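Student: Please walk me through the salt bridges in this one, taking your time over the partners. After that, I'd like a quick tour of a few other spots.

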Amino acid sequence: MENGRARTQQIRQVLLLFVLLGMSQAGSEPGSFSVAEEMQSGSFVGNLAKDLGLKVRELSLRGAQVVSNDKKQRLQLDLNTGDLLLSETLDREELCGSIQPCVLHFQVLMKNPTQFLQIELQVRDINDHSPIFLEKQMLLEIPENSPVGAVFLLESAEDLDVGINAVKTYTISPNSHFHIKMRVNPDNRKYPELVLDRALDYEERPELSFILTALDGGSPPRSGTALVKVVVVDINDNSPEFEQAFYEVKIPENSILGSLVLTVSAWDLDSGTNGEICYTLSHASEDIRKTFEINQQSGDITLTAPLDFETIESYSIIIQATDGGGLFGKSTVRIQVMDVNDNAPEITVSSITSPIPENTPETVVMVFSIQDIDSGDNGRIVCSIPEDLPFVLKSSVENYYTLEIERPLDRESTAEYNITITVTDLGIPRLKTEYNTTVLVSDINDNAPTFTQTSYTLFVRENNSPALHIGSVSATDRDSGTNAQVTYSLLPPQDPHLPLASLVSINTDNGHLFALRSLDYEALQEFEFHVGAADRGSPALSSKALVRVLVLDANDNSPFVLYPLQNGSAPCTELVPRAAEPGYLVTKVVAVDGDSGQNAWLSYQLLKATEPGLFGVWAHNGEVRTARLLSERDAAKHRLVVLVKDNGEPPRSVTATLQVLLVDGFSQPYLSLPEAAPAQAQTESLTVYLVVALASVSSLFLLSVLLLVAVRLCRRSRAASVGRCLVPEGPFPGHLVDVSGTGTLSQSYQYEVCLTGGSGTNEFKFLKPVIPNIQAKGPGKNSEENPTLQNSFEFNF
């Protein structure tokens, strides 16, 4: 015990020297501790900080932990005191079997920075097992002519303890024929031999019995017993002899059960039953007996249980050949188990960190160790991860690896990584083990909200109700959590005169836009503003988008009649000569509409008339024209009601009332233009020639023509006495001009206004268009073009 303490003190001094030389080499020399087996959980093993020259506070700050390759935590470290304590009761026989000394290897993992310290724990054997004979009764058949000093093999006892606690001596109960002699086999195991002290006499005593006792070297010693029965056999003077005193064979560990391992052979010079040889396993342990068996007649040794190189590398077997007379020979067979690659590598994870914040390079994600219990190339292993990942493996001491980030991570591109760590050995065939782990990437606020559109166009119909939802804007943020929570706001308008705060509002949570008051298309047709979207990160990021609101027109304005005025006074009277041709322009109803688009498209319709079918209204521009020739039977005064209607939905309309007075002899209500005189003279000359020609043909026809001319002249003189026509030299004022040609006055028309003579009221009585490029035509041509003119107009009756 004193020597053990001195050795421990020396080891501690060496470790302290290396620690003082440099902490970077702390993992190069292992720290050693010793503990007896079967100690209770929580028992003190040693002080790690003291033995390794470390401070207890350093162990706590650096997060020290004890890890092992077999995934079992048999030791625990008290970070407050630096003491190493047992986590479970240790059984040396279970951990190491017959291996001596029994040493367990552990590593102390220290983080920040990462460092490994090697420690060894020696488990000391205690005498907790007694020797046991597998066969409680041994039967020996010894010929009576066996010489004094002959040696006979006895079965050895099994003791699971090792060292001084293993089997030390064998004794037999007192007798006069035998004593025990100790032998050591090739496995360094002690076995007893029975030595003949005095010749046997079959006739005197055919059987002998005594007790064989096995004692171990423990304190106090433990023992086990077996009964030895000796049967004296009559004369057999030749013992079997093997062909080889020593056999050696190699067999792979993956050999098939029942396969032949080796055939041993022996011969005996005796004849009869004394020459018949029986092969048996001698001094075979329990492992040998359940793994191999021998054919007693042929000597074939076959495999009966799977081999495992990692558990037992070789077997030493004593084969005994016994003849029918009880004599025997022996030979030793050494079976060497050859390793095959039958164990896949193992991965043991010590620590893992997840999630990892994005944009944080050179961070340790995982610490793990790898091992392969095979030997040679079968136990050499390589570790790898896929090349397309932003991670790198770095090797450390004793097959420890760290998985670190090689380049910054981007959560928006990849939110998690499924990492497969592949560990492959170099055996044939190669075996591999894969460990899958998922590393989550946590978010930082590195993305501003993005609108789904750079600009939005919203439509709202005028006269809307207040708080009407007119549309929405939407923005997304590639971040997560609060970094992706978007709030919306209205930005100050670029136009300082736009009362944006009183026009629209926005829901800060979902981006819904609302009209705060009723809009009027005629007052405000469109407006635009910017909407901002900001996340709730720290610091917050934002973006903006343009919103254009277009006010749609509603049919909320009725047509307004500009001419004739509908102010409640007496309606204007239009004069129409009875000689007017069909299609004659009586007047034009001029109206406007405050709406736009189709809501302002006006159509005209004759709603009421004193005499239906006499007048018609042009549906598109409101011109009132005669529909047929006038006759003397037509009434002189007519009242027309014209309906003016827009194209809205529902349509709006207004009516205009007209008074029309038919007059006689008012065929030319406008003044002749100066350039028309030569054409008129030419027409009169042509008429004279026509009259002369007609007179020469028939005097009766000439008389008729003269009477007709006389009648016309009478009508002209009568019409001239009624009143005069004044021709305006310019067009009507601009506010009565319709540039669109949809029902108001057109710039291509000029009107002559005829006033009643002597009335004193200056009322409009007659309107007729004058074409600017008038060419002089005779009465004949005018009469010919009237039907064409009539057919080219559309009327409403």
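Tutor: Here come the salt bridges, and then the other spots.

Keep in mind that this is a predicted model, so local features need pLDDT of at least 70 and side-chain atom pairs count only at pLDDT 80 or more, while totals for chains, interfaces and linings use all residues. Residues are numbered from 1 along each chain as its sequence is written, and side-chain values use heavy atoms, with hydrogens and water left out.

A salt bridge here is a side-chain nitrogen of Lys or Arg within 4 Å of a carboxyl oxygen of Asp or Glu. By this rule, the count comes to 20 salt bridges. For burial, read buried as under 20% relative accessible area, exposed as over 50%, and partly exposed as in between (1.4 Å probe, protein chains only).

Start with E58 and R62, whose closest N and O atoms are 3.0 Å apart. E58 is partly exposed because its relative accessibility is 24%, whereas R62 is buried at 11%.

Next, R74 pairs with E88, with 3.3 Å between the closest N and O atoms. R74 sits in the loop between β3 (65–67) and β4 (75–78), and E88 in the loop between β5 (83–86) and α4 (92–96), so this pair ties together parts that are 14 residues apart in sequence. (Helices, H or I of at least four residues, and strands, E of at least two, are DSSP runs numbered from the N terminus.) R74 is buried with a relative accessible area of 8%, and E88 is partly exposed at 32%.

Then there's K229 with E207, at 3.7 Å between the closest N and O atoms. K229 is in strand β16 and E207 in strand β15 (residues 207–216), so to speak a link between distant parts of the chain, 22 residues apart. Both K229, at 26%, and E207, at 40%, count as partly exposed. Elsewhere, R92, E93 and D125 are joined into one network by salt bridges that share partners.

Now for the sheet. β36, β40 and β39 form an open, antiparallel sheet in that order; two strands pair if DSSP finds at least two bridges between them. β36 (468–472) and β39 (504–506) are the edge strands, each with a single partner, so one side of each has no neighbour in the sheet. From one strand to the next, the twist averages 30°, with axes as lines fitted to C-alpha atoms and angles running from 0 to 180 degrees between N-to-C directions. Four bridges join β36 to β40 (residues 512–515), and G471 has L513 as its bridge partner in β40.

Over in strand β24 (residues 314–322) you'll find T322, which is buried at 18% relative accessibility. The side chains of T322 and Q320 make a polar contact of 3.1 Å. That term means a pair of N or O atoms within 3.5 Å; within protein, one must be able to donate a hydrogen and the other to accept it, and residues adjacent in sequence count only if both atoms are side-chain atoms.

Last stop: P240, in the loop between β16 (223–233) and β17 (241–242). P240 is buried, with a relative accessible area of 3%. The C-alpha atoms of P240 and N274 are 9.4 Å apart, though 34 residues separate the two along the chain.
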